[in-house]
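Grab a pencil and open the viewer. Here are some exercises to help you find your way around a protein you haven't met before, each with a worked solution.

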Amino acid sequence: MNEFNFIEQYLIKNQGDSSVLLGIGDDAAIVRPRPDWDLCISSDMLLAGRHFFVDTKPEDLAHKVLSVNLSDMAAMGAVPKWVLLSVALPVLDKDWLKSFCNRFYALCDEYGVSLIGGDTTKGDWVFNITIFGEVPKGRGLLRCAAREGDDVWVSGRLGSAAAALQHLLGNFVLPQAVFRQCEQALLRPIPRVGLGQYLLAEAHAAQDISDGLIQDLGHILDASGAGAEIFWQDIPVLPELRDCLSSKQLHQCVLAGGDDYELLFTADAGRRGQIEALARQCGVPVSRIGRVVAGKGIRIWDEEGGEVTLEKYGFDHFA
């Protein structure tokens, strides 16, 4: 199999999207965005040995490659529409490609996304996606809009993916049943696209948690010129993790581990009931974990009122 066989057999797929005027096959795709909607554009690169293990199952890898980009659209409140997929693979293995593409297209179908182009080459396991989404004109969720007095919220649970990674790296050992739950969070994150769109009516600032809660919250606060207080006991965590990790290990996974791909957002404290109702409508649990305050920096309080300290605050690609 050569590059062009790969494209023809696995990548060209008619998805019936009327906004795609010209898809894969020419020098560029042509799409037609809706009037009165803004385009959101994001790009993420995943490398073997840095973002995933080379022996990851192709269907799990396909899920994660697309999900982390869908999560970026969720954080903007955008409707994901089109993706470009560029890959570098050492060989073109038909069985591997079939499993990868089947899951990739299934996820595209689930979220209404069309693959419209990209690039392929021989290389050492690199995946890059550029994703395009639409958000009502002037209404996209930004990092810079948090206000003093806002509640700080997160969706889902935090720390499970990071715990699975640390288990795989041999830094600690999880009971097998706990590891299986955490591994699912690592390999198959759920992009909160529906919740992001609901939050357009309520949230002030938002982003997804990719590099760690505290580091990513810091991006919102820096952009907004504010600080925050976070209450450890209010952060949603898989209960079994509390039983099998030390406090230090758990703090690092939950507060700084990353790979959660949950939504982190701030909203007016007077809108708690409305936010909880929206979350129930889209079937995603949300938790209020702190508040935005005047000043700079983040203080994390434990159950006894002491301050939690961390060795590191999030993932650094060049560390």
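The exercises below walk through a predicted model, one region at a time.

**Exercise 1: Lay out the open sheet**

Task: Work out the strand order of the open sheet of 6 strands, and find which strands sit at its edges.

Solution:
- Start with the order, which reads β8-β10-β7-β11-β9-β12, with mixed pairing.
- Now look for strands that pair on one side only: these edge strands are β8 (203-208) and β12 (298-301).
- Then check the twist: neighbouring strands of this sheet are turned by 25° against each other on average, ignoring direction.
- Finally, see what lies against the sheet. Helix α2 (residues 58-76) packs on it, touching β8 and β10 (263-267). The direction of α2 makes about 170° with that of β8.

**Exercise 2: Zoom in on one strand pair**

Task: Find how strands β7 and β11 run relative to each other, parallel or antiparallel, and how many bridges join them.

Solution:
- Pick out β7 at residues 151-155 and β11 at residues 286-293.
- Follow their directions: the two strands run antiparallel, and 5 bridges join them.
- For a landmark, go to Asp151, which stands opposite Arg291 in β11.

**Exercise 3: Two residues, two settings**

Task: Decide whether Ser67 is buried or exposed, then do the same for Glu148.

Solution:
- Begin with Ser67, which you'll find in helix α2. Its relative accessibility is 1%, and the cut-off for buried is under 20%, so Ser67 counts as buried.
- Look at what surrounds Ser67: setting aside neighbours within four places in sequence, it is in contact with Leu107, Pro189 and Pro191. With Pro189 there's a polar detail too, as a polar atom of the Ser67 side chain lies 3.4 Å from the backbone oxygen of Pro189.
- Move on to Glu148, in the loop between β6 (126-136) and β7. Its relative accessible area is 60%, and exposed means over 50%, so Glu148 is exposed.
- Glu148 still has company: leaving out neighbours within four places in sequence, it is in contact with Val292, Val293 and Ala294.
- To get a sense of scale, jump from Glu148 to Lys64. They are 84 residues apart along the chain, and their C-alpha atoms are separated by 35 Å.

**Exercise 4: Sort the aromatic pairs**

Task: Say which kind of pair Phe100 makes with Phe104, and which kind Phe104 makes with Tyr105.

Solution:
- The structure holds 8 aromatic pairs, and we'll take two of them.
- For Phe100 and Phe104, the ring centres are 6.0 Å apart and the planes meet at 15°; planes under 30 degrees apart count as stacked, so this pair is stacked.
- Along the chain, these two Phe residues are 4 residues apart in helix α3 (residues 94-111), so about one helical turn separates them.
- For Phe104 and Tyr105, the centres are 6.2 Å apart with 90° between the planes, which makes the pair edge-to-face.
- Check the burial: Phe100 and Phe104 are both buried, and Tyr105 is buried as well.
- Now widen the view. Phe100, Phe104 and Tyr105 belong to one aromatic cluster with Phe52, Trp96, Trp125 and Phe127.
- There's another ring to visit elsewhere: the charged end of Arg34 sits over the ring of Trp37, 3.7 Å from its centre.

**Exercise 5: A covered helix**

Task: Find how many of the 10 residues of helix α9 are buried, and what covers them.

Solution:
- Locate α9 at residues 247-256 and count: 7 of its 10 residues are buried, so the helix is mostly covered.
- Name them: Leu250, His251, Gln252, Cys253, Val254, Leu255 and Ala256.
- Look at the cover, which includes α4 (160-168), α7 (213-224), α8 (239-244) and β12.

**Exercise 6: Positive phi angles**

Task: Find where the two non-glycine residues Trp125 and Asp259 lie, and what their phi values are.

Solution:
- Keep the usual pattern in mind: most residues other than glycine have a negative phi.
- Trp125 has a positive phi of about 55°. It lies in the loop between β5 (114-122) and β6, and at 16% relative accessibility it counts as buried.
- Asp259 has a positive phi of about 70°. It lies in the loop between α9 and β10 and is buried, with a relative accessible area of 15%.
- One glycine joins the list: Gly258, which follows α9, has a positive phi near 80°.

Conventions:
Residues are numbered from 1 along each chain as its sequence is written. Side-chain values use heavy atoms; hydrogens and water are left out. Two strands pair if DSSP finds at least two bridges between them. Axes are lines fitted to C-alpha atoms, for helices over the stretch in contact, and angles run from 0 to 180 degrees between N-to-C directions. Contact means heavy atoms within 4.5 Å. Buried means under 20% relative accessible area, exposed over 50%, partly exposed in between (1.4 Å probe, protein chains only). A polar contact is a pair of N or O atoms within 3.5 Å; within protein, one must be able to donate a hydrogen and the other to accept it, and residues adjacent in sequence count only if both atoms are side-chain atoms. Rings of Phe, Tyr and Trp (its six-membered ring) pair if their centres lie within 6.5 Å; planes under 30 degrees apart count as stacked, over 60 as edge-to-face and the rest as tilted. A charge sits over a ring if NZ of Lys or CZ of Arg is within 6 Å of the ring centre and within 35 degrees of the ring normal.
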